[in-house]
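Dear colleague,

Please find below the structure that I am handing over to you. My notes on what was found in it follow directly after.

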Amino acid sequence: MAKFRILIFTYTAFFFFLNSHIHGFYLPGVAPLDFQMGDALMVKVNKLTSTKTQLPYSYYSLPYCSPEHIVDSAENLGEVLRGDRIENSPFVFKMRESQVCAAVCRLKLDKKSAKAFKEKIADEYRVYMILDNLPLVVPVKRPDQDDVVVYQHGFHVGLKGIFVGKEEKYFINNHLTFTVRYHRDIQTDSSRIVGFEVKPFSVKHEYDGQWTEKTRLKTCDPHTKRAVTNSESPQEVEEGNEIIFTYDVDFQESEVKWASRWDTYLLMADDQIHWFSIVNSMMIVLFLSGMVAMIMLRTLYRDISNYNQLETHEEALEETGWKLVHGDVFRPPTNPDLLCVYAGTGVQCFGMILVTMIFACLGFLSPSNRGGLMTAMLLLWVFMGLLAGYASSRLYKMLRGTEWKKISLKTAFMFPATVFVAFFVLNAIVWEQKSSGAVPFGTMFALVVLWFGISVPLVFIGGYIGFRKPAPEDPVKTNKIPRQIPTQAWYMNPIFSILIGGILPFGAVFIELFFILTSIWLHQFYYIFGFLFIVFIILIITCAEITVVLCYFQLCSEDYQWWWRSYLTSGSSAVYVFLYATFYFYTKLEITKLVSGILYFGYMLIVSYVFFVFTGAIGFYACFWFTRLIYSSVKID
């Protein structure tokens, strides 16, 4: 007990230490910055990304113009895992002072640099930049609605096409026309940045004489205010060619206030689809709720009344339906240890997702806090180890287990070890591609420390607490000799009923799943957590109800082996999630490289595995409550 108190005190102290330091950190996007006229604005560069390869690279992996000293910005855990590499850039603006045709540098392409640019252009890589924590976007008019402007994240490195002749060539976007939108305070004359846009152009710059820092370009000139407005004479990428990188910057006053500056980025033009998703899911829930209500209020009420009115021994021998298996329904299942581990892990995942959803709905995990969502999920999963240990050991004790340390050890290692090994293999593949998406050794070590230093001890603490509590007694006694299960109808076959049970939970979420996959693999913003939270609640209800309904039919067929089937019934929805991910891969993505395909299916396997554990636990605990409720309502002699 003394050791246990010391451990509790240590973790309490650690929590307060962590909490005190969190309050000292600056959360991106929370504190506004005021700029006076002429103040320097530092543009930062982020990664290069492509929807074709899904492999991010750092900005300076290409021979772009760079400042004298490249300085890395401090990234949080989520940013590192996302592949973000935020660094300073040679682009320096002055607040409310427009510039025309500012030269950044001149580059002579050799064979290696020309090849690097061509590869990134062929794979349609986009360049990400940041100003005052706002990502750079390219405004594009929707083809079906000219008055509606959508924002694409980042600009293309270049484009591939035919300019002169019949041969396809590569052209680089070497001129950037920036637009910085600001909101001015009339009283203080200070300004806050509310928008950061760009229009990229490919321009073959021309000049007279030898190149120096003071050379005036003929294609654009700040003295004559001649600006680049098109790409009629594009800059070709070829060995030996000379590329001059230039930019314009224009400052435009905006009525948009700082607090609303993310609204244009997160503009949701397809909210009707989300409402359709909600209505679709609600119809499924109402259908299942009607079935559950019918079972609970009509069938069960009639059954329980009939069973409780049985008076003679002969009548008792003629029992039919679910009451027949009362002596076996709480018999421990096969592999009880594994069931306890997965039930505990499911509770851990449920707690992580629920708290993350709540924080996201309250606005703490907005896109302005880059990497915040992933960081929060990792930390919450670690601290939810307490619930995992508690749930697994409590169920283990109810199933007459005695070695709580063994079950806690399995809970602490089985699921995370599987995910970690898969993640490590995928990370090795990314590392071999020299991508910035590869998690550095230091970050990998930090993840191991979080796992072994915090999660594992918390699982044991939860296991100790759960095992100390008295196990709940079964409503009915279990017979010593197991009852023989009669031959089941074809539709009650375990595999068939399990796969059928997973369809409805998947049907409740598949529309929202499309938008989540789009945000992850097509690099779009996702900030409709209100919709997502409603779908999350509907998913919980659907998983619970479909499992209860199928469990009731199973018990009525005198099949008492419900433990594992209840977990697998709702958990089988993960099979449909993975099948949908496969369908999405072939219909929406343009991935052609083998490595990128392996990464996609590897990460979607991990996501499907988490979904299986999470939904399986919901179905299991719903059936656990249901069986105890109905068998405690009848008189058993």
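**Findings**

Asp337 counts as buried, since its relative accessibility is 16%, and burial here requires a value under 20%. Please bear in mind throughout that this is a predicted model. The side chain of Asp337 meets that of Lys410 in a salt bridge, with an N to O distance of 3.5 Å. This pair links distant parts of the chain, as Asp337 belongs to helix α6 and Lys410 to helix α9 (residues 404-432), 73 residues apart. Lys410, at 30% relative accessibility, counts as partly exposed.

**The chain as a whole**

The chain has 637 residues, and 48% of them are buried. It contains 16 helices and 13 strands. Among contacts with a separation of 6 or more, 80% are between residues 24 or more positions apart. The exposed area of the chain is about 32,100 Å², of which carbon and sulfur atoms supply 62%.

**Other salt bridges**

The structure holds 23 salt bridges in total. In one of them, Arg106 is paired with Glu242, and the closest N and O atoms are 2.2 Å apart. Arg106 is in strand β3 (residues 99-108) and Glu242 is in strand β13 (residues 242-253), so this pair ties together parts that lie 136 residues apart in sequence. Both partners are partly exposed: Arg106 has a relative accessible area of 37%, and Glu242 has a relative accessibility of 22%.

A further salt bridge joins the side chains of Glu403 and Lys406, at 4.0 Å from N to O. That distance deserves a remark, because the criterion for a salt bridge is a nitrogen within 4 Å of a carboxyl oxygen. Glu403 is partly exposed at 44% relative accessibility, and Lys406 is partly exposed at 33%. In addition, salt bridges with shared partners join Arg96, Arg184, Asp189 and Glu253 into one network.

**Disulfides and other cysteines**

How many disulfides does the chain contain? The count comes to two. With bonded cysteines counted along the chain, they follow the pattern 1-3, 2-4.

One disulfide joins Cys65 to Cys105, with an S to S distance of 1.8 Å. The link of Cys65 and Cys105 is left-handed, at -70 degrees about the S-S bond. Cys65 sits in the loop between β1 (40-49) and α2 (77-82), whereas Cys105 is in strand β3, so the bond ties together parts that are 40 residues apart in sequence. Cys65 is buried at 8% relative accessibility, while Cys105 is partly exposed at 24%.

The other disulfide joins Cys101 to Cys220, also listed with an S to S distance of 1.8 Å. Here the link is right-handed, at 45 degrees about the S-S bond. Cys101 is in strand β3 and Cys220 is in the loop between β12 (191-201) and β13, which places the two 119 residues apart. Cys101 is buried at 7% relative accessibility, and Cys220 is buried with a relative accessible area of 0%.

Why does Cys556 have no bond to Cys551? The sulfur of Cys556 is 9.5 Å from that of Cys551, its closest cysteine sulfur, which is too far for a bond. Cys556 is partly exposed, with a relative accessible area of 28%. Cys349, by contrast, is buried, with a relative accessible area of 1%.

**A covered helix and a surface patch**

Helix α14 (residues 563-571) is mostly covered, as eight of its nine residues are buried. The buried residues are Trp563, Trp564, Arg565, Ser566, Tyr567, Thr569, Ser570 and Gly571. They pack against a set of other helices, namely α6 (336-361), α8 (385-398), α11, α13 (529-556), α15 (573-588) and α16 (594-631).

Helix α11, which comprises residues 494-501, contains Phe496. Phe496 is partly exposed, at a relative accessible area of 36%. Together with Trp490, Tyr491, Ile500 and Ile503, Phe496 forms a nonpolar patch on the surface, and the accessible area of these residues together is about 540 Å². Helix α11 therefore appears twice in this account: it is among the helices against which the buried residues of α14 pack, and it holds Phe496 of the patch.

Yours sincerely

Technical notes: Residues are numbered from 1 along each chain as its sequence is written. This is a predicted model: local features need pLDDT of at least 70, side-chain atom pairs count only at pLDDT 80 or more; totals for chains, interfaces and linings use all residues. Side-chain values use heavy atoms; hydrogens and water are left out. Helices (H or I, at least four residues) and strands (E, at least two) are DSSP runs, numbered from the N terminus. Buried means under 20% relative accessible area, exposed over 50%, partly exposed in between (1.4 Å probe, protein chains only). Contact means heavy atoms within 4.5 Å. Accessible areas come from the Shrake-Rupley method with a 1.4 Å probe; for residues, only the protein chains shown count as cover. Patches are made of residues with over 30% relative accessible area and no salt bridge: like charges are joined within 9 Å, nonpolar side chains (Val, Leu, Ile, Met, Phe, Trp, Tyr) within 5 Å. A disulfide is a pair of cysteine sulfur atoms within 2.5 Å.
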